[in-house]
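Subject: Structure for you to look at, with notes

Dear colleague,

Here is the structure I promised to hand over, with the sequence alongside. My notes on what was found follow below, and I would be glad if you read them with the model open.

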Amino acid sequence: MGILTLRGVTVRYGTTTVIDDLDWAVGAATAPVSALLGPSGCGKSTLLRAIAGLTSLSAGTVAWDGVDLAPVPVHRRDFGVVFQDGQLFSGRTVAANIAYGLARRRWPRTRISQRVEEMLELVQLPGIGERRVTALSGGQAQRVALARALAPRPRLLLLDEPLAALDARLREDLAFAIGDIVRAAETPTVVVTHDRAEAAMLADSISVMRAGEIVQTAPAQRLWHRPADDWVAGFLGASLIVDASVTGSVLHTPFGQAAAQAVEGLPAQGPCRVALRPESLWAAPAEAGRADGTITHAAVLPGGTRLRVATDAGEVEAMAAEPYAAGEPVRLRLDPRQIAVIGR
Ligand SMILES: Nc1ncnc2c1ncn2[C@@H]1O[C@H](COP(=O)(O)OP(=O)(O)OP(=O)(O)O)[C@@H](O)[C@H]1O
């Protein structure tokens with residue numbers, strides 16, 4: 001498996017710098033699928049296009065196994081690209097779409113039809129080669145787009161928001177499926193997404209992007225528990241970031257305490273900064289006149305009740321297993337597994 005290396009990559013549109021002196025590497029055996037995760041407009045698609053050779057660099061290098069790709073045009077980079085809406089050739093059959101890049105590379109005809117069948121098996125759509133692409137569902141069309149991109153055995157696959165045009169249920173099914181497919185094809189892959197769940201379902205390593213820079217690269221578990229800074233924590237879903245401290249074996253926060261050993265990444269003693277998500281705090285009925293706060297808002301969701309609770313230390317988001325109504329007093333308990341500690 002080869003490695004893509006970016007050094008000092010800079011892309012400017014006029015006087016606006018969209019990608020700023022960025023270093024990155026993709027394709028290590030331990031992390032064959034890398035996600036670029038960031039908010040709208042942070043430069044994810046621009047970076048992907050720069051890697052593909054579709055956008056030129058203002059400075060820096062993109063190299064494959066140490067060889068600078070600057071003189072290599074898009075169609076000679078041997079990279080497969082899939083965009084949001086697949087961009088299949090609508091007047092052709094599924095098989096003709098998958099065969100397209102193979103014919104251009106002058107594969108022999110028998111080898112092409114064999115490869116088309118192989119690819120349809122890989123994306124779990126055997127036997128649909130003769131269908132018109134206009135007769136496919138959105139999810140099937142994206143699988144065919146993936147088959148078309150992987151057919152010529154590219155050395156790198158670039159996916160730009162491949163699930164964005166699909167509805168929620170299908171997105172989840174296909175997120176796991178795409179991860180399986182690209183791993184089975186043993187093709188290092190970069191996937192651009194703004195959705196953290198999608199990044200975690202697809203990728204082995206997630207790089208968080210903000211305003212043209214990569215601010216943190218880590219596997220999902222580490223990212224959720226050790227966000228590099230307040231911004232990353234907020235982007236990943238923290239509803240509140242607070243100063244806290246470890247004394248003895250206890251983590252003290254303004255919203256309660258937890259056993260320090262149960263929280264990943266805390267300092268042995270002293271001050272720290274923690275990020276709380278709604279799932280970090282669980283509400284239970286007030287008991288014997290003891291309450292930590294009063295509910296101001298409640299919404300019953302499929303996974304539990306989402307609450308906003310007014311406490312002496314301010315308002316917090318919390319969850320409850322049972323339904324509650326505004327005005328009810330509650331106690332709050334911290335779930336140590338759902339607390340993120342800020343800083344690498
Ligand atoms: N061809 C262009 N000319 C001028 N500005 C551009 C061009 N392409 C993109 N931009 C600007 O560059 C910035 C980054 O855009 P880009 O599409 O890379 O972001 P993104 O993170 O992929 O966002 P989204 O998820 O919304 O697609 C945006 O501010 C965008 O308006």
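Within what distance do the axes of helix 2 and helix 4 come, and at roughly what angle do they cross? Please keep in mind throughout that this is a predicted model. In it, the two axes come within 7 Å and cross at roughly 30 degrees; because angles under 35 degrees count as roughly parallel, helix 2 is described as roughly parallel to helix 4. The crossing of helix 2 past helix 4 is right-handed, and the residues that meet are V94, N97, I98, Y100 and G101 on the side of helix 2 and V144, A147 and R148 on the side of helix 4. Sorted by class, the residues of this contact comprise five nonpolar, two polar and one charged.

Helix 2, which spans residues 94–104, also packs against helix 3, residues 109–122, and here the axes come within 9 Å and cross at roughly 125 degrees. That angle makes helix 2 oblique to helix 3, and helix 2 passes helix 3 in a right-handed crossing. From helix 2 the contact draws on A95, I98, A99, L102 and A103, while helix 3 contributes I112, R115, V116 and M119. Eight residues of the contact between helix 2 and helix 3 are nonpolar, none is polar and one is charged. If you are following along in the viewer, I98 is worth selecting, since I98 appears in the contact with helix 3 and again in the contact with helix 4.

Helix 4 (residues 138–150) has a further partner in helix 5 (residues 168–184), with the axes 11 Å apart and an angle of about 15 degrees between them. That makes helix 4 roughly parallel to helix 5, and the crossing is right-handed. The residues involved are G138, G139, Q142 and L146 of helix 4, together with L170, L174, I178 and I181 of helix 5. By class, the contact of helix 4 with helix 5 holds five nonpolar and three polar residues, with no charged ones.

Turning to the chain as a whole, the protein is divided into domain 1, covering 4–225, and domain 2, covering 238–341. The C-alpha centres of domain 1 and domain 2 lie 39 Å apart.

Two sheets deserve a look as well. One is an open sheet of four strands in the order 2-1-4-5, with antiparallel pairing. Strand 2 (16–26) and strand 5 (67–68) stand at its edges, and each has a single partner strand, so one side of each is left without a neighbour in the sheet. Strand 1 (residues 4–13) runs antiparallel to strand 2 and is joined to strand 2 by seven bridges; within this pair, V11 stands opposite I19 in strand 2.

The other is an open sheet formed by five strands in the order 13-12-11-14-20, again with antiparallel pairing. The edge strands of this sheet are strand 13 (256–259) and strand 20 (339–341), each of which pairs on one side only. On average, and with direction ignored, neighbouring strands of this sheet are turned by 35 degrees against each other.

Within that five-stranded sheet, strand 12 (residues 250–253) and strand 13 run antiparallel and are joined by four bridges. Strand 12 and strand 13 form a hairpin, with two residues between them. You can trace the pairing by eye at two positions: T253 stands opposite G256 in strand 13, and V250 stands opposite A259 in strand 13.

With best wishes

Conventions: Residues numbered from 1 in each chain as written. Predicted model: local features only at pLDDT ≥ 70, side-chain atom pairs only at ≥ 80, totals over all residues. Axes fitted to C-alpha atoms, helices over the stretch in contact; angles between N-to-C directions. Parallel < 35°, antiparallel > 145°, perpendicular 65-115°, else oblique. Left-handed = near helix turned anticlockwise from the far one by under 90°. Contact = placed C-beta atoms within 7 Å. Nonpolar A, V, L, I, M, F, W, Y, C, P; charged D, E, K, R; others polar. Domains from an automatic or database assignment. Pairing = 2+ DSSP bridges.
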